[in-house]
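Reader: I am new to reading structures. Can you take me through one, step by step?

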Amino acid sequence: MKFTDTLKTTIMACHDQSVHHPFIQQLVDGSLPKETFRYYLCQDHQYLRNFQHLHELVAKHLPADDAKLLLSLGAGEDQARQALHQALQITLAELDQTSPAPTNYAYITHMYYQLTKFGVAVATAGLLPCYWLYNEVGKGLAQKQSPDPLYQAFFDSYGGEDFTTSTTQMREIVDRLALQVDQPTQTLMRGAFAKSCYYEVHFWQMALTKENW
Ligand SMILES: Cc1ncc(CO)c(N)n1
């Protein structure tokens, strides 16, 4: 069994909590207020910027092939996001000026902490739920047809072939890293993964309540 196979129960629990969460349910039935989705997109822009920066930091510690692969993973998502930003007329200034809300801040700082405290293998495990969860949610909701095409486009971008390939590749990177570390470090990798899953679920709640300081 590969290392990431042992994480399946954790990610599927996170998936179940996500699809039952009112934020996702309201995207599916089209009732989510546009203001709430805008809030989510602005917060998520901040999240993704830091997520990308973490990819750059982690890549410095990986063999050249995996470093290149890691840095190529997020490209498709950027394009899908730009389309959503345009549709909702969210400006670059607005995206840049958004300050991370408490849950977002906690998730971001958690990812940096895993890297500085425990190193590259643990940090990379902490980045994996981001791919895996959205891919599972996207695959499950790709055929649902939300009455709001914008919301359906959001799901479709994560359920499609490109993001599925990125998710598989990220799992393979984590599997290769797990083979190179000892058992206690594998336990830390599981811990980083589980904490990120926790924050993923709370990210929906943060958006739904438009959490603020
Ligand atoms: C918080 C969060 N997790 C995962 C993804 C998927 O990339 C995202 N865009 N945002």
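Author: We go from the fold to the ligand and its surroundings. Keep in mind that this is a predicted model.

Reader: Let me begin with the fold. How many helices and strands are in the protein chain?

Author: Count the elements, then read their order. The protein chain has eleven helices and zero strands. From the N terminus on, the order is α-α-α-α-α-α-α-α-α-α-α.

Reader: What does the radius of gyration tell me about the protein chain?

Author: Compare the value with what a compact globule would have. For 213 residues that is near 17 Å, and the protein chain has 17 Å, so the two agree. For the extent, look at the C-alpha trace, which spans about 50 × 35 × 30 Å along its principal axes.

Reader: Now the ligand. Which residues are around it?

Author: List those with a heavy atom within 4 Å of the ligand. Here they are Asp44, Tyr47, Leu48, Glu77, Arg81, Cys130, Tyr134, Tyr158, Glu200 and Phe203. Then sort them by kind: six are nonpolar, none is polar and four are charged.

Reader: Which helices each supply at least two residues of that shell?

Author: Map the shell back onto the elements. The helices are H3 (34–59), H5 (75–87), H8 (120–141) and H11 (183–208). H3 gives the largest share, with three residues.

Reader: Which polar side-chain atoms should I look at beside the ligand?

Author: Look for pairs of N or O atoms within 3.5 Å. Glu77 has a polar side-chain atom 2.8 Å from a ligand oxygen atom. For Arg81, a polar side-chain atom lies 3.4 Å from a nitrogen atom of the ligand. Tyr134 also places a polar side-chain atom by a ligand nitrogen atom, at 3.3 Å.

Reader: How much of the ligand does the protein bury?

Author: Start with the ligand taken alone, then add the protein. Alone, the ligand exposes 280 Å². The protein buries 100% of that.

Reader: And what is the space taken by the ligand?

Author: That space is the largest cavity.

Key:
Residues numbered from 1 in each chain as written. Predicted model: local features only at pLDDT ≥ 70, side-chain atom pairs only at ≥ 80, totals over all residues. Heavy atoms only, no water. Polar contact = N/O pair within 3.5 Å; in protein donor to acceptor, adjacent residues only side chain to side chain. Areas by Shrake-Rupley, 256 points an atom, 1.4 Å probe, with all protein chains shown as cover. 1 Å grid on protein atoms, 1.4 Å probe; cavity = no way out; pocket = protein on both sides within 12 Å on 5 of 7 lines; lining within 4 Å. Sits in = over half its atoms within 2 Å of the grid points. Helix = DSSP H or I, 4+ residues; strand = E, 2+ residues; numbered from the N terminus. Nonpolar A, V, L, I, M, F, W, Y, C, P; charged D, E, K, R; others polar. Rg over C-alpha atoms; globule rule 2.2 N^0.38 Å.
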